[in-house]
Amino acid sequence: MHVRDIDLNLFVVFDAIYSEGGVSRACFRLNLTQPAVSHALGRLRAMFNDPLFVRRHHVMTPTPLARQIITTVRQALNGLETTLTHTNRFDPAKTPKRFVVGLRNNLEAPMLSALMNRISTQAPLVEIATVRCERNNLERELAAGTLDVAIDTLLPLSSEVRREQILTEHIAVFARRDHPALGTRLDKKTYLRMEHVCVTSRRSGISFEDFQFQRLGIKRTVRLTCQNFTTACHVVARNDMLLTASGSAASLLERPGLLRQFPCPFRISPHLNYMYWHATADEDTTNQWLREQLRAAACVLARSHFGRGNGRVAKTTAKGGLSVPAGLAAE
């Protein structure tokens, strides 16, 4: 096969079916009729001499060959889109565009609030979608263009992934407003005597905070482990357990005044938030615009939610190749 003999639109159809899990949904995404998409799939099957997708329980499941080529196909389509973007410069006031951002749970509410307040009038046709991305898939998704940008902790990614530290969140301790055992301050002895809520998405291993405590030779009593900070804040607001988390956690409550915030009595490292994008998007004006908006949103957070010493903006750019503790890099 030679590329000059191939209709490149077939790969757009392939990507849509792969992403949507079915022909009907791919039709809706591409605004094409079902016969047109089915015909394109038939041509792809003949081209690769492989079914590419097999129907199982109403879902088009990709074959091993389809899984093998999807990343390359997406990288190529993303490169073509970047080329077209350079030719037709992105105008946020007039250009419809959907951005997909990988974002951690505790930052989603404050970051999106700051971001949407900023872009709602200057970019009326821009749509933002946030998703949870497994860390071991982050580089692949950035390369394939299924993620435009991600914000996460320090990760050991290759030089093909650019990174920029945009926000530092210092660790605080949260307790309910009328906690009977706490006065105006929280000391080490009281902290270790209390029961705690731990937030982690890991099914095994320890949380960021407990990793830090372990290095100090400290072990706390964790009574509840849950998956997101909103749940943890609601639980802590209604009982006597403590929550140790970044300073943005209280903003997840509709009534953040239900919680009191104390400095952590132990010296543990802050959360360093990095923005990640793929090297192929370095000069992409649409991606540059998105990164600038996220930087500005981080500045707003540093002055508002984190303005009382809980966080700061930090801007350092590098080209990957890091080493971090293995227990913290895994999802």
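This passage walks through the predicted model, from overall confidence down to individual rings and backbone angles.

The model is a prediction, so local features are reported only at pLDDT of at least 70 and side-chain atom pairs only at pLDDT 80 or more, while totals for chains, interfaces and linings use all residues. Residues are numbered from 1 along each chain as its sequence is written, and side-chain values rest on heavy atoms, with hydrogens and water left out.

Confidence comes first. The average pLDDT (the predictor's confidence in each residue, from 0 to 100) is 84 for the protein, and 86% of the residues score at least 70. The weak spot is residues 306–331, where pLDDT is below 50; in the model, this stretch still makes 83 contacts (heavy atoms within 4.5 Å) beyond near neighbours in sequence. Where pLDDT is low, the predicted coordinates should not be read in detail.

As for the overall makeup, the protein has eleven helices and 14 strands, taken as DSSP runs numbered from the N terminus (helices H or I, at least four residues; strands E, at least two). Of the 331 residues, 49% are buried; buried means under 20% relative accessible area, exposed over 50%, and partly exposed in between, with a 1.4 Å probe and protein chains only. Among contacts between residues at least 6 apart in sequence, 76% join residues at least 24 apart. Ala302, in helix α10 (residues 285–303), offers a long-range example: its C-alpha lies 8.7 Å from that of Glu169, 133 residues away in sequence. Ala302 counts as buried, at 14% relative accessibility.

Helix packing is next. Helices α1 and α3 (residues 34–48) pack with axes 9 Å apart, at an angle of about 105°. Axes here are lines fitted to C-alpha atoms, for helices over the stretch in contact, and angles run from 0 to 180 degrees between N-to-C directions. The two helices are therefore roughly perpendicular, a label for 65 to 115 degrees; under 35 counts as roughly parallel, over 145 as roughly antiparallel and the rest as oblique. On the α1 side, Leu10, Phe11, Val13, Phe14 and Ile17 make the contact, meeting Val37, Ala40, Leu41, Arg43, Leu44, Met47 and Phe48 of α3.

Now for the rings. The structure holds nine aromatic pairs, where rings of Phe, Tyr and Trp (its six-membered ring) pair if their centres lie within 6.5 Å, and planes under 30 degrees apart count as stacked, over 60 as edge-to-face and the rest as tilted. One of them, Phe14 with Tyr18, is tilted, at 6.2 Å centre to centre and 55° between the planes. These two sit four residues apart in helix α1 (residues 9–20), so about one helical turn separates them. Phe14 is buried at 1% relative accessible area, whereas Tyr18 is partly exposed at 23%. Together with Phe53 they form one aromatic cluster. Charges get involved with rings too: the charged end of Arg291 sits over the ring of Trp277, 4.2 Å from its centre, and that of Lys97 sits over Phe99 at 5.7 Å. The criterion is NZ of Lys or CZ of Arg within 6 Å of the ring centre and within 35 degrees of the ring normal.

Finally, the backbone in the loop between α3 and β1 (53–56) has a couple of oddities. Asn49 has a positive phi of about 55° despite not being a glycine, and Leu52, also not a glycine, has a phi near 65°. Asn49 is exposed at 72% relative accessible area, while Leu52 is buried at 0%.
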